[in-house]
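Please open the model in your viewer and keep the sequence beside it, since this tour moves from one selection to the next.

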Amino acid sequence: VVYRLAGGGALLCLVSAQTENTVSHLRIGSIESEPSLRIVDGEGNAGYEGFIKDLLEEISTVQGFTYELFLSVDNKYGVDHGGNWSGLVGMLQRGELDMIAADLTVTWSRMSAIDFSKPFLASTLTLLLKDPAEYAVTLSSWFDPFSWEVWLLLLAAYLLSSLVLC
């Protein structure tokens with residue numbers, strides 16, 4: 001049995017190549033990312049708390065395995081550098097981990113390297129913000145949404161429709 005749990009925009013990914021008969025103790029990689037996982041005072045697994053930690057505790061109890069959490073060595077989720085992955089994905093590929101449990105976003109490149117399961121949490125919220133250094137608010141800012149050509153066409157349409165309606 002392969003243990004996999006995953007999510008969409010924010011994602012828990014548990015990936016393992018071990019079968020149920022051989023699983024007794026797992027090395028599980030994660031990354032500090034509140035509220036999913038945060039570091040607290042304590043030794044070993046007791047030094048972490050959050051949603052991922054609670055979920056791992058429940059799964060390990062039900063499935064009957066023990067685990068040890070390891071944080072990403074470079075504090076990254078994983079980026080492909082020509083076949084060599086950084087972060088958690090790289091640690092999993094190099095055999096340093098048995099599983100990943102993190103709020104890991106599904107990307108096409110990651111899907112080619114590891115398997116994801118169905119999301120437990122998906123977020124469609126997206127914000128696009130302009131860099132504040134690139135604009136200043138002035139009295140003419142009201143005209144900025146359209147080019148001057150569009151404003152002239154709007155004025156012409158207004159005048160033409162006024163004449164037609166009179």
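Begin by selecting Trp148, Leu152, Leu155, Tyr158 and Leu159, which in this predicted model form a nonpolar patch on the surface, their accessible area together coming to about 590 Å². Within that selection, pick out Leu159, a residue of helix H4, which you can colour along residues 148–165. Is Leu159 buried, partly exposed or exposed? Its relative accessibility is 47%, and because partly exposed covers the range between the 20% limit for buried and the 50% limit for exposed, Leu159 counts as partly exposed.

Now leave the patch and select strand S1, residues 25–30, in which Ser30 lies. Ser30 has a relative accessibility of 0%, so it counts as buried. To see what surrounds Ser30, display the residues in contact with it, leaving aside its neighbours within four places in sequence: these are Leu37, Ile52, Leu69, Phe70, Leu71, Ser72, Leu88, Ala101 and Ala102.

One of those contacts, Leu71, leads to the next selection, for Leu71 is in strand S4, where it stands opposite Ser30. Colour S4 along residues 66–71 and follow it beside S1, with which it pairs in the parallel sense over six bridges.

Which strand should be selected after that as a partner of S1? Take strand S7, residues 99–100, which pairs with S1 in the parallel sense over two bridges. To find one of the residue pairs involved, select Gly29 together with Ile100, its bridge partner in S7.

Conventions: Residues numbered from 1 in each chain as written. Predicted model: local features only at pLDDT ≥ 70, side-chain atom pairs only at ≥ 80, totals over all residues. Heavy atoms only, no water. Patch = residues over 30% accessible without salt bridge, like charges linked within 9 Å, V, L, I, M, F, W, Y side chains within 5 Å. Areas by Shrake-Rupley, 256 points an atom, 1.4 Å probe, with all protein chains shown as cover. Salt bridge = Lys/Arg side-chain N within 4 Å of Asp/Glu carboxyl O. Helix = DSSP H or I, 4+ residues; strand = E, 2+ residues; numbered from the N terminus. Buried < 20%, exposed > 50% of the residue type's maximum accessible area, 1.4 Å probe, protein only. Contact = heavy atoms within 4.5 Å. Pairing = 2+ DSSP bridges.
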